[in-house]
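Thanks for coming. I will go through one chain today, starting with the order of its elements and ending with the side chains. Please keep the structure open while I talk.

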Amino acid sequence: MKRLALVFALLISTASVTFAQVKQPPMRLTTTGFADGTVIPLKYTQASPDGAVSPDITWSNVPAGTQSFVLWMHDVDLALNKSTEDNLHWLVWNIPGQATSLPEKVPGGAQLPDGSYQISYAGPAYRGPGAPASGPLHHYVFELFALDIKLEEKAGSTAIDTKTDIFKLMQGHVLGKAAFVGLFKRSQ
């Protein structure tokens with residue numbers, strides 16, 4: 001009887017551990033502006049006659065304990081100054097942990113009304129894709145990081161310094177990540 005009770009206890013213990021290990025689905029990043037892996041519409045690019053506006057961005061499946069988010073948009077097909085750095089089109093950090101989206105046409109300015117900060121190589125605003133017509137389509141990756149801390153850091157002296165500082169502060173605090181890709185090159 002003791003042996004049967006022990007086997008039963010082990011089965012319950014194993015089942016409890018198995019259920020505890022069920023993982024939350026990964027974070028998901030989307031926009032209504034274009035489908036993942038497709039060409040980015042003109043209005044979100046530097047080629048827009050009205051000036052580029054940021055697409056709306058929505059995320060789901062946020063990990064428990066998220067205190068803030070960092071959104072990074074970059075052109076992965078460009079190496080700057082013979083380095084591993086690529087083209088920083090937008091970095092938004094300290095997005096509140098309860099947020100699940102950014103609206104289309106986020107206004108320019110170093111600090112946004114929700115307390116988050118933003119920067120790009122063009123200054124404190126979204127910088128749309130601008131790959132030249134003479135080359136291939138470039139891949140513009142939007143990456144969202146869920147953090148277990150808030151990053152109250154303000155912009156550094158340059159966009160690249162700011163990105164470097166933010167990414168150093170993020171180390172050891174990333175709870176989840178999601179990515180979304182758009183393609184673009186100017187028309188002939």
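Reading from the N terminus, the elements follow the order α-β-β-β-β-β-β-β-β-α-β. That gives two helices and nine strands. Please bear in mind that this is a predicted model.

Some totals before the details. The chain has 188 residues, and buried residues make up 41% of them. The exposed area is about 10,300 Å², with 59% of it supplied by carbon and sulfur atoms. As for contacts between residues at least 6 apart in sequence, 75% of them join residues at least 24 apart.

Now the strands. Strands 1, 3 and 6 make up an open sheet, in the order 1-3-6, with antiparallel pairing. Which strands stand at the edges? They are strand 1, residues 28-30, and strand 6, residues 101-102; each has a single partner strand, so one side of each has no neighbour in the sheet. Strand 3 covers residues 57-60 and is joined to strand 6 by two bridges, the two running antiparallel. Within that pairing, Ile 57 has Leu 102 of strand 6 as its bridge partner.

Next is strand 5, residues 87-96. How many of its residues are buried? The count is 10 of 10, so strand 5 is mostly covered, by the under 20% cut-off for relative accessible area. Strand 4, residues 68-75, runs antiparallel to strand 5, and eight bridges join them. One position to look at there is His 74, which stands opposite Leu 88 of strand 5. Strand 5 is also joined to strand 7, by three bridges and again in an antiparallel arrangement. Here Leu 91 has Ile 119 in strand 7 as its bridge partner. As a general point, side chains in a regular strand alternate between the two faces of the sheet.

From the end of strand 7 we go to Ser 120. Ser 120 sits in the loop between strand 7, residues 117-119, and strand 8, residues 138-147. Is Ser 120 buried or exposed? Its relative accessible area is 3%, so Ser 120 counts as buried, the cut-off being under 20%. A polar atom of the Ser 120 side chain lies 2.9 Å from the backbone oxygen of Ala 125. Leaving aside residues up to four places away in sequence, Ser 120 touches Leu 88, His 89, Trp 90, Ala 125, Arg 127 and Ala 159. Leu 88 has come up already, as the residue opposite His 74.

On to charged pairs. Side chains of opposite charge can pair when their charged atoms come close. There are three salt bridges in the structure.

Take Glu 104 and Lys 43, where the closest N and O atoms are 3.2 Å apart. Glu 104 belongs to the loop between strand 6 and strand 7, and Lys 43 to the loop between strand 2 (38-39) and strand 3, so this salt bridge ties together parts 61 residues apart in sequence. Both ends are partly exposed: Glu 104 has a relative accessible area of 35%, and Lys 43 is at 39%.

Another salt bridge is between Lys 177 and Glu 143, at 2.7 Å from N to O. This pair also links distant parts of the chain, with Lys 177 in strand 9 (residues 174-184), Glu 143 in strand 8, and their positions 34 residues apart. Here the two ends fall in separate classes: Lys 177 is partly exposed at 44% relative accessibility, whereas Glu 143 is buried at 8%.

The remaining pair is Glu 152 with Lys 150, at 3.5 Å from N to O. Glu 152 is partly exposed, with a relative accessible area of 49%.

Last, the aromatic rings. The count is eight aromatic pairs. In one of them, Phe 34 and Tyr 44, the ring centres are 6.2 Å apart and the planes stand at 55 degrees, so the pair is classed as tilted. Phe 34 is in the loop between strand 1 and strand 2, and Tyr 44 is in the loop between strand 2 and strand 3, 10 residues apart. Both Phe 34 and Tyr 44 are buried. What cluster do they belong to? Ring pairs link Phe 34 and Tyr 44 with Phe 142 and Phe 180.

That is where I will stop.

Note on methods: Residues numbered from 1 in each chain as written. Predicted model: local features only at pLDDT ≥ 70, side-chain atom pairs only at ≥ 80, totals over all residues. Heavy atoms only, no water. Helix = DSSP H or I, 4+ residues; strand = E, 2+ residues; numbered from the N terminus. Buried < 20%, exposed > 50% of the residue type's maximum accessible area, 1.4 Å probe, protein only. Polar contact = N/O pair within 3.5 Å; in protein donor to acceptor, adjacent residues only side chain to side chain. Contact = heavy atoms within 4.5 Å. Pairing = 2+ DSSP bridges. Salt bridge = Lys/Arg side-chain N within 4 Å of Asp/Glu carboxyl O. Areas by Shrake-Rupley, 256 points an atom, 1.4 Å probe, with all protein chains shown as cover. Phe/Tyr/Trp six-rings, centres within 6.5 Å; stacked < 30°, edge-to-face > 60°.
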